[in-house]
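Good morning, everyone, and thank you for making time for this. Please have the sequence and the picture open while I talk, and stop me whenever a term is unclear.

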Amino acid sequence: AFLAVVVKEIVRTKQYFAGEFCQSHDYCLVAVGIWDRFITALKAEINALGERRLVRLINERQYERVKAMLTSHHGDNLPPLSSDTAASDGSWMLPVTAVVEPYESDLLMQEEVFGPLLPVRRVASIADAIAYVKASPTGKPLVSYYYGHSTDNSNAYAAGGAAPRVPPSVRRLRTARTLPAPLWQWPKAACVAGAMSCALLYVLL
């Protein structure tokens with residue numbers, strides 16, 4: 001049940017406002033031990049959006065920027081795109097799409113996404129996740145989320161330099177104890193404009 005709630009929250013940040021708000025995740029790091037279950041749940045959750053999978057971006061310039069990310073990456077689209085989910089130049093519509101294992105050189109890994117795309121990569125350990133975030137070309141995120149049951153891992157993530165050095169009311173470590181409050185209902189104070197968010201999903205079940 002915890003995994004299902006986590007996936008729903010992550011997908012909703014990509015659907016609401018077309019992912020064009022600062023609490024929307026820019027990429028997701030997933031522990032290898034739950035990778036298959038996470039990918040299955042993520043695909044099902046996006047498919048469940050139906051026609052709501054297509055979202056309208058705020059203007060043509062933003063649409064073209066995010067569309068370039070969608071069409072130029074070297075990962076796998078999840079779920080796969082079809083004629084029903086094709087980009088629409090006339091209405092600035094793009095599909096909510098996870099991008100599985102994109103190249104580090106891909107545009108969507110080099111810039112803040114700020115749109116309905118979610119790059120997803122696997123990590124072997126909490127230490128690997130911390131190292132990955134700290135090496136990001138966009139710099140350390142100003143807003144970062146840890147999803148999991150382990151207090152030790154959440155503390156390690158915060159102490160390791162991957163989480164932002166801001167007051168606890170802004171730094172969000174999403175554990176089984178804190179998860180019931182939906183991300184999109186948090187106070188505005190949790191939002192840091194211009195941040196590249198990292199959704200670190202490290203669920204130990």
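Let me begin with a term: a polar contact is a pair of N or O atoms within 3.5 Å, and within protein one of them must be able to donate a hydrogen and the other to accept it. Keep in mind, too, that what you see is a predicted model.

With that term in hand, please find Y147, which belongs to strand β7, the strand that covers residues 144-148. Which side chains does the side chain of Y147 touch through polar contacts? One partner is the side chain of E9, at 2.8 Å, and another is the side chain of H25, at 2.9 Å. Is Y147 buried or exposed? Since buried means under 20% relative accessible area, Y147 counts as buried because its relative accessibility is 0%. There is also a long step in sequence to notice here, for Y147 and V6 are separated by 141 residues along the chain, while their C-alpha atoms are 7.3 Å apart in space.

Now let us move to strand β5, residues 97-100, where T97 and V99 point one way, A98 and V100 point the other way, and all four are buried. How does β5 pair with strand β3, which spans residues 76-78? The two run in the antiparallel sense, with three bridges between them, and in this pairing L78 stands opposite A98. With strand β6, residues 117-123, β5 pairs in the parallel sense over four bridges, and here V100 is the residue of β5 that stands opposite V120.

The helix I would like to show you is α6, residues 151-159, in which N153, S154, Y157 and A158 are buried. Looking down the axis of α6, we find these buried residues within an arc of 135 degrees, so they line one face of the helix. On the other side of α6, D152 and A159 are exposed.

Finally, a word on confidence. The mean pLDDT of the chain is 79, and 76% of its residues reach 70 or more. For residues 165-173, however, pLDDT stays under 50, and the model gives this stretch 19 contacts beyond four places in sequence. Residues 175-195 also have a pLDDT below 50, and there the model has 52 contacts beyond near neighbours in sequence. I will stop here and gladly take your questions.

Note on methods
Residues numbered from 1 in each chain as written. Predicted model: local features only at pLDDT ≥ 70, side-chain atom pairs only at ≥ 80, totals over all residues. Heavy atoms only, no water. Buried < 20%, exposed > 50% of the residue type's maximum accessible area, 1.4 Å probe, protein only. Pairing = 2+ DSSP bridges. pLDDT = per-residue confidence, 0-100. Contact = heavy atoms within 4.5 Å. Arc of directions from axis to C-beta.
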